[in-house]
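I set out to record what I looked up in this model, entry by entry. The entries concern a helix, charged pairs, cysteines and a patch on the surface.

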Amino acid sequence: NDFSTIRPISNKLSIANYIFKYFVFIGEIMAKEFRTKAEIDLGEGFKVECEASGKKIIADEPLSFGGTDLGMNPIELLLSGLGACKCVTSKVIAKKKGLKLDYLAVECIGFFRPGTLGLSDIETIYHIKSDASDEELEKFMALVDDSCPVHATIKNPAPIAHKLVRV
């Protein structure tokens with residue numbers, strides 16, 4: 001297993017392009033956008049119902065922050081999305097490269113610096129059980145980081161715009 005270079009797979013696609021196409025093109029037209037909706041309960045607490053692709057989850061704040069603690073807070077959701085994406089990306093790359101993984105979990109830790117808004121640093125810890133060498137796994141993790149769409153979005157943020165829709 002040589003993870004030191006990103007070699008073309010087919011049709012001159014890089015691993016990152018292959019993974020992106022794997023995520024959004026499975027016998028259907030490639031997705032051009034991802035759409036979510038978050039709707040807050042304006043009563044007590046901070047319960048937010050989040051919906052995407054017909055699936056729902058609850059975001060909330062802990063009781064100590066005035067929430068009802070019915071779900072992860074938004075920062076935990078962001079970090080969970082990063083960890084989930086790295087897990088999926090890892091599985092795709094491991095399969096493509098023939099790397100046998102017996103266990104994989106990705107732990108994401110976000111750090112705040114006093115006086116700043118938002119996370120100042122994010123650390124990902126890969127928990128891996130594999131017969132591969134440490135050197136192979138280090139190269140594998142670097143390739144996953146370079147190929148993960150959520151990692152790329154956080155590292156090189158997309159412009160964010162807003163608009164008003166009166167209801």
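**Entry 1: helix α3**

I noted first that D134, E135, E138 and D146 are exposed on the other side of α3. The model I am reading is a predicted one. Opposite these residues, I listed the buried positions of α3: L137, F140, M141, L143, V144 and S147. They lie on the same side of α3, because the arc they cover around the axis is only 160 degrees. I recalled that an α-helix has 3.6 residues a turn, so residues three or four places apart point the same way.

I then checked the length of α3, which runs over residues 134-147. At 1.5 Å a residue, its 14 residues should span 20 Å, and the end C-alpha atoms are 20 Å apart, which agrees.

**Entry 2: salt bridges**

How many salt bridges does the structure hold? I found 7. I looked up three of them, starting within α3.

K139 and E135 meet through their side chains at 3.2 Å, N to O. Both lie in helix α3, 4 residues apart, which is about one turn of the helix. K139 is partly exposed, with a relative accessible area of 30%, whereas E135 is exposed at 54%.

The side chains of D145 and K86 form another salt bridge, at 2.7 Å, N to O. This pair links distant parts of the chain, for D145 belongs to helix α3 and K86 to helix α2 (residues 74-97), 59 residues apart. Is K86 buried or exposed? I recorded K86 as buried, since its relative accessibility is 1%, and the cut-off for buried is under 20%.

R35 and E33 also meet in a salt bridge, at 3.0 Å, N to O. R35 counts as exposed, at 64% relative accessibility.

**Entry 3: cysteines**

I searched the whole structure for disulfides and found 0. C87 is in no disulfide, and the nearest cysteine sulfur, that of C108, is 8.1 Å away. A disulfide requires the two sulfur atoms to be within 2.5 Å, so this pair does not qualify. I entered C87 as partly exposed, at 25% relative accessibility, and C108 as buried, with a relative accessible area of 17%.

**Entry 4: a nonpolar patch**

Which residues make the nonpolar surface patch? I40, L42, F46 and F65 make it, and its area is about 450 Å². I placed L42 in the loop between β1 (37-40) and β2 (48-52). L42 is exposed, with a relative accessible area of 79%.

Methods: Residues are numbered from 1 along each chain as its sequence is written. This is a predicted model: local features need pLDDT of at least 70, side-chain atom pairs count only at pLDDT 80 or more; totals for chains, interfaces and linings use all residues. Side-chain values use heavy atoms; hydrogens and water are left out. Patches are made of residues with over 30% relative accessible area and no salt bridge: like charges are joined within 9 Å, nonpolar side chains (Val, Leu, Ile, Met, Phe, Trp, Tyr) within 5 Å. Accessible areas come from the Shrake-Rupley method with a 1.4 Å probe; for residues, only the protein chains shown count as cover. A salt bridge is a side-chain nitrogen of Lys or Arg within 4 Å of a carboxyl oxygen of Asp or Glu. Helices (H or I, at least four residues) and strands (E, at least two) are DSSP runs, numbered from the N terminus. Buried means under 20% relative accessible area, exposed over 50%, partly exposed in between (1.4 Å probe, protein chains only). The expected span of a helix is 1.5 Å times one less than its number of residues. The arc is that of the directions from the helix axis to the C-beta atoms.
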